[in-house]
Amino acid sequence: MSGFETDRRTPPGLPQTADRALQVLLAFDRARPEWGVTEVATEFGLHTSIAQRLLATLAHRGFLVQDTANRRYRIGPAALHLGRMWDQAGALDILVRPLLAELAEATGHSALLALPDSAHMRCVVVAEGADGRLRDYPLTNELYPAHAGATSKSFYAFLPDEQRSRIFTDRPLARFTDRTVTDLAELEAQFAEVRANGWAYTVGEYDFGVATLAVPVFLRDEPYGSVSVGWLSEQYRHDPTEWVELLREVSSRISLRLTRPIPRRHRRGRL
């Protein structure tokens, strides 16, 4: 059993009730999409009546919804609203860009964070290296097909098999260069290799003459996106394994920032 006074202690100066409610809300994830009152009380070391009030308050404000059949709770529509505001406010860029800038400076090449968008990965944050842009236009919002290039493969390789199958089965795989893999069995073999290595490296699978090294980004043990570095393969010759640990470090720091935001200094005293 985990308690608020040990693993999840509320920082001094913060209202404990609000912090407890937020901790409960953050407990909802893919592994535990629904919770009951007794489960919350046990997990967080709370009295059942306190757990009930916390869940009821979150449901009242739309952050949770209760299934009337089994009286268990799931994430509600207010969370969707905050997610949209997060995207529009550019908060992801503020948190991630400094880390990508360090990566771009260390490698000299473009570094980017990409997130899944249906059967593609979308570049959401990018930092240019000393060699300049890979293309004549900014990479932000560029889409990368799920089956071509390390940026995509480093993410889709780590999806659960059933989820990945829904994306690729019965879907035509376009060929972009002579190195693009369009055979599903061969693609699955490559995904298995990526999982074994923990990183992906490709040359010219999507953009002719572009080499890419990428690692997955996980949030609470679930695949969230990928961090990658790209360069012109004919102009620069690199051993990609030299940068794997560097990318992994950046990936871990991104995960930490997105799951545990940088703490602010709080004044002690009355709230």
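In this predicted model, strand 6 (residues 200-203) and strand 7 (residues 210-219) run against each other, joined as an antiparallel pair by four bridges. One of the contacts in that ladder puts Ala200 opposite Ala214 of strand 7, its bridge partner. The two strands make a hairpin with six residues between them, and in the turn Gly204 takes up a positive phi of about 65 degrees. Strand 6 also shows a neat in-and-out pattern along residues 200-203: the side chains of Ala200 and Thr202 point to one face and are buried, while those of Tyr201 and Val203 point to the other face and are not buried. That fits the general rule that side chains in a regular strand alternate between the two faces of the sheet.

A second hairpin sits earlier in the chain. Here strand 3 (residues 110-117) pairs with strand 4 (residues 120-127), again in the antiparallel sense, over seven bridges. Within this pairing, Leu112 has Val126 of strand 4 as its bridge partner. Two residues lie between the strands of this hairpin, and Ser118 has a positive phi near 60 degrees. Strand 4 has another partner too, namely strand 5 (residues 143-145), with which it forms three bridges in the antiparallel sense. On that side, Arg122 is bridged to Leu143 in strand 5.

Turning to the helices, helix 5 (residues 91-107) and helix 9 (residues 244-259) cross at roughly 170 degrees, and their axes come within 10 Å. With angles over 145 degrees counted as roughly antiparallel, helix 5 is therefore roughly antiparallel to helix 9. Helix 5 brings Leu92, Leu95, Val96, Pro98, Leu99, Glu102, Leu103, Ala106 and Thr107 to the contact, and helix 9 answers with Leu246, Leu247, Val250, Arg253, Ile254, Arg257 and Leu258. Sorted by class, the residues of this contact come out as twelve nonpolar, one polar and three charged.

Helix 2 (residues 37-44) and helix 3 (residues 48-60) pack in another way, at an angle of about 115 degrees and with their axes 8 Å apart. Helix 2 and helix 3 are therefore roughly perpendicular to each other, and helix 2 passes helix 3 in a right-handed crossing. From helix 2, Val37, Val40 and Ala41 touch Thr48, Ala51, Gln52 and Leu55 of helix 3. Charged residues are absent from this contact, which consists of five nonpolar and two polar residues.

Methods:
Residues numbered from 1 in each chain as written. Predicted model: local features only at pLDDT ≥ 70, side-chain atom pairs only at ≥ 80, totals over all residues. Heavy atoms only, no water. Pairing = 2+ DSSP bridges. Axes fitted to C-alpha atoms, helices over the stretch in contact; angles between N-to-C directions. Parallel < 35°, antiparallel > 145°, perpendicular 65-115°, else oblique. Left-handed = near helix turned anticlockwise from the far one by under 90°. Contact = heavy atoms within 4.5 Å. Nonpolar A, V, L, I, M, F, W, Y, C, P; charged D, E, K, R; others polar. Buried < 20%, exposed > 50% of the residue type's maximum accessible area, 1.4 Å probe, protein only.
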